[in-house]
Amino acid sequence: MTEPLPDLPPVPSRFGFAFSADGRWATCLRSAQDSVVLERWDLTWPRPTLRTLDDAGLPGGDETGGRIVDRRSGALPLNDGRVLVVRPAVGDRGEPAGHGTLVAAEATPAGLRITRSWAVPRMLAGFLLAAPGQAQTVVLVVVENERHSRIWRVSPSSPVLEPVLRIPGVLSGGVWADEGRTLALDHDGAGHRTEGILVDLRERAWRPFWSVSDTTSDRIAAYNPRSGALAVTTTTPGAQQRGAPQIGLRLPGGGPARFPEILNRSAAYRTPLTFDAAGEHLLVREIAGATARLAVYATGNDRITPVPGPAGMLWAPAHWAGDGRIHVRFSAPHQPPTLATVRRPARTGWDMAAHPSDGAAAWRHAELVELAGPAGPIEAIVYGGPGWRDRPRLVLALHGGPLAAWHYEFEPLFQYLAAAGVSVVAPNYRGSTGYGDEHLRPVLGDWGGPDLNDVVHLGHAIADGRDTALPRPVVLGASYGGFLALLAACRTPGLWSGCAALAPFTSASGLHRTATGIVRDRVSRLGLCDVGDEQDARRDVLRACEALAAPLLVAHGVRDEVIPVEQSRALRRRLLELGRTEGVDFDYLETADDHNGVVQAWSPVLRQAVVRFCLAAGRTLALDNERR
């Protein structure tokens with residue numbers, strides 16, 4: 001009999017945050033299941049007020065008369081309260097269709113009313129930027145393909161977009177270097193190397209601006225037009241693999257950028273977010289382990305001060321208002337992503353903007369625990385309360401990457417597992433970011449080596465600490481974690497009661513052969529395209545899967561742009577060649593999603609399939625053993 005799944009509210013997610021040039025408004029997209037709406041905050045009040053601007057059922061929309069807001073959209077609030085929304089078009093199978101739509105809309109009691117729309121030719125992706133100052137120049141930066149980008153000037157009162165400049169390469173980021181003439185952007189050119197450039201909109205010309213060397217990745221992070229203070233980052237090839245950029249500052253008066261020692265010597269991974277209104281203080285995000293916090297660097301006295309706050313995760317963008325309030329995206333295991341307001345100096349706590357449908361009371365809390373690993377302690381995020389080891393079902397969850405980590409944030413799949421009574425242990429084993437070079441470096445060029453050893457060690461320790469009558473753990477992984485989960489299930493087949501792999505690949509060299517250019521280049525940079533994975537069957541799932549004994553679930557999206565679905569299809573074919581029966585020995589599921597859709601288990605069908613599999617795995621294995 002199929003066990004009933006918990007009745008939880010729709011899982012909310014907020015993304016695509018943006019602020020108006022004057023800081024009065026903020027917008028983001030909010031999704032819950034298949035519904036995506038635009039949210040807008042009025043930031044002028046002591047506590048931000050939130051309103052949902054739904055475009056359902058309204059006249060206008062895109063050129064087809066349909067919805068203008070979906071997961072692919074980007075929004076920008078203007079100073080006068082209007083909102084610009086841009087969206088690339090997609091084909092029937094979800095692939096980019098080569099053009100896009102830009103609309104200007106205003107808020108009405110019913111939601112959104114479209115006041116003007118424009119067709120955008122040759123648009124793979126795009127984002128909007130509005131300059132400070134009275135004119136509030138607005139530009140749309142369009143990525144046409146992997147080779148070219150184009151900048152358009154947008155006037156909400158004009159029926160046409162004004163082409164400004166076409167630039168070879170891919171553009172991203174974006175800060176204004178003045179009140180509307182000069183734009184600073186990150187530019188990815190040949191070889192996917194990043195440098196900062198300046199674009200003169202009046203002269204319709206661009207030039208390199210921030211570039212340290214031919215082997216570094218150099219970005220423009222923040223600029224304050226009032227003071228002229230500029231924050232940049234640079235990353236050496238080795239540091240790029242570790243995700244540890246150096247932060248540089250160029251202060252008023254000109255001269256080269258300097259790299260303050262106090263800002264860069266910390267073991268915490270720091271990212272510059274924004275300057276205060278005067279340009280005298282830089283807000284940075286610090287990631288240490290699984291959590292993040294804010295800190296303020298004072299340019300005048302070269303001091304950095306932590307900002308007290310709740311445990312969780314923070315993301316750009318951020319806005320630092322003239323009255324001292326800071327607005328930034330925040331999330332914790334029991335807190336879906338939202339806009340947090342921080343007052344300086346910090347008082348009793350942070351204000352969290354929320355919506356009644358977020359279902360705050362339904363979400364489970366998690367704790368940070370330290371587990372013993374074969375080479376030192378391993379931090380893990382654990383759902384299940386003090387008795388997590390003794391729950392009837394337990395999942396060991398492996399993150400993607402390899403250079404990534406589980407963060408102390410809202411994870412919808414973990415929430416569903418926890419609500420179904422499943423303990424979840426999400427460890428940051430060797431190779432995870434946020435714990436320093438010693439913890440990360442062993443995995444560089446050695447995928448499925450030290451990290452897999454940690455996973456197997458934790459699996460044994462957890463299984464040995466449970467009552468022998470309880471099922472052994474289920475190992476679950478997504479993307480690179482799916483590869484690790486499959487290797488763990490092949491390496492120690494008797495340790496697991498089940499294995500669930502979401503969007504996995506089967507070997508490093510196999511991924512290098514079949515992936516797209518960007519992913520293939522990343523594998524090459526990590527030195528994995530010529531290593532002996534194919535010679536070592538222990539790191540090639542297709543050669544090692546004969547040892548699989550536990551029930552298996554493999555899921556992949558047919559629109560996966562990171563790990564081709566052919567990787568999972570090859571595994572399915574190999575299992576059938578070995579005489580395994582689909583639906584009995586293993587389950588295989590393809591969805592219409594892209595990589596993120598599967599890795600994040602956005603689809604309710606996929607999420608339910610994973611939860612049901614984890615609930616049933618221990619029982620299925622016990623029945624199989626009885627039959628044998």
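1. Tyr-480 and Phe-483 are both buried, and this pair of residues is a convenient place to begin reading what is a predicted model. Tyr-480 has a relative accessible area of 1%, and is therefore buried. The rings of Tyr-480 and Phe-483 form a tilted aromatic pair, with 5.7 Å from centre to centre and 55 degrees between the planes. Because the two residues stand three places apart in helix H6, about one helical turn separates them.

2. Tyr-480 also takes part in a second tilted aromatic pair, this time with Phe-505, at 6.0 Å centre to centre and with 45 degrees between the planes. This pair links distant parts of the chain, since Tyr-480 belongs to helix H6 whereas Phe-505 sits in the loop between strand S33 (498–502) and helix H7 (508–514), 25 residues apart. Phe-505, at 2% relative accessibility, counts as buried. Together with Trp-447, the residues Tyr-480, Phe-483 and Phe-505 make up one aromatic cluster, and the structure as a whole holds 11 aromatic pairs.

3. How do helices H5 and H6 cross? The axes of H5 (residues 450–464) and H6 (residues 480–491) come within 10 Å of one another and cross at roughly 60 degrees, which means that H5 is oblique to H6. The crossing of the two helices is right-handed. On the H5 side the contact is made by Asp-451, Leu-452, Asn-453 and Val-455, and on the H6 side by Tyr-480, Leu-484, Leu-487, Ala-488 and Arg-491. Sorted by character, the residues of this contact divide into six nonpolar, one polar and two charged.

4. The residue Ser-479 deserves a careful look, for it has a phi near 60 degrees, a positive value in a residue other than glycine. Most residues other than glycine have a negative phi. Ser-479 is placed in the loop between strand S32 (474–478) and H6, and at 12% relative accessibility it counts as buried. A comparable note applies to Ala-601, whose phi is near 50 degrees and is likewise positive in a residue other than glycine. Ala-601 is found in the loop between helix H11 (595–599) and H12, and with a relative accessible area of 0% it is buried.

5. Which residue lies 79 places from Tyr-480 in sequence but 5.5 Å from it in space, C-alpha to C-alpha? The residue is Gly-401, which is found in the loop between strand S30 (393–398) and H3. Gly-401 is partly exposed, with a relative accessible area of 37%. The peptide bond that runs from Gly-401 to Pro-402 is cis, with omega near 15 degrees, and Pro-402 is found in the loop between S30 and H3. A cis peptide bond also joins Ala-316 and Pro-317, with omega of about 5 degrees, and there Pro-317 lies in strand S24 (residues 313–320). Most peptide bonds are trans.

6. Helix H3 (residues 412–419) is mostly covered, as eight of its eight residues are buried. The buried residues of H3 include Pro-412, Phe-414, Gln-415 and Tyr-416. Just after H3, Gly-421 takes a positive phi of about 90 degrees.

7. Is Ile-381, which lies in strand S29 (residues 376–383), buried or exposed? At 4% relative accessibility, Ile-381 counts as buried. Leaving aside residues up to four places away in sequence, Ile-381 touches, among others, Ala-290, Leu-368, Trp-406, His-407 and Val-425. One of these, His-407, is 26 residues from Ile-381 in sequence and 8.0 Å from it in space, C-alpha to C-alpha.

8. Ala-609, found in helix H12 (residues 604–627), is partly exposed, with a relative accessible area of 25%. Not counting residues up to four places away in sequence, Ala-609 touches Leu-553 and Leu-589. The C-alpha atoms of Ala-609 and Leu-553, which are 56 residues apart along the chain, are separated by 8.9 Å.

9. For the chain as a whole, the secondary structure comes to 12 helices and 35 strands. Of its 628 residues, 54% count as buried. Among contacts between residues at least 6 apart in sequence, 54% join residues at least 24 apart.

Key
Residues numbered from 1 in each chain as written. Predicted model: local features only at pLDDT ≥ 70, side-chain atom pairs only at ≥ 80, totals over all residues. Heavy atoms only, no water. Axes fitted to C-alpha atoms, helices over the stretch in contact; angles between N-to-C directions. Helix = DSSP H or I, 4+ residues; strand = E, 2+ residues; numbered from the N terminus. Parallel < 35°, antiparallel > 145°, perpendicular 65-115°, else oblique. Left-handed = near helix turned anticlockwise from the far one by under 90°. Contact = heavy atoms within 4.5 Å. Nonpolar A, V, L, I, M, F, W, Y, C, P; charged D, E, K, R; others polar. Buried < 20%, exposed > 50% of the residue type's maximum accessible area, 1.4 Å probe, protein only. Phe/Tyr/Trp six-rings, centres within 6.5 Å; stacked < 30°, edge-to-face > 60°.
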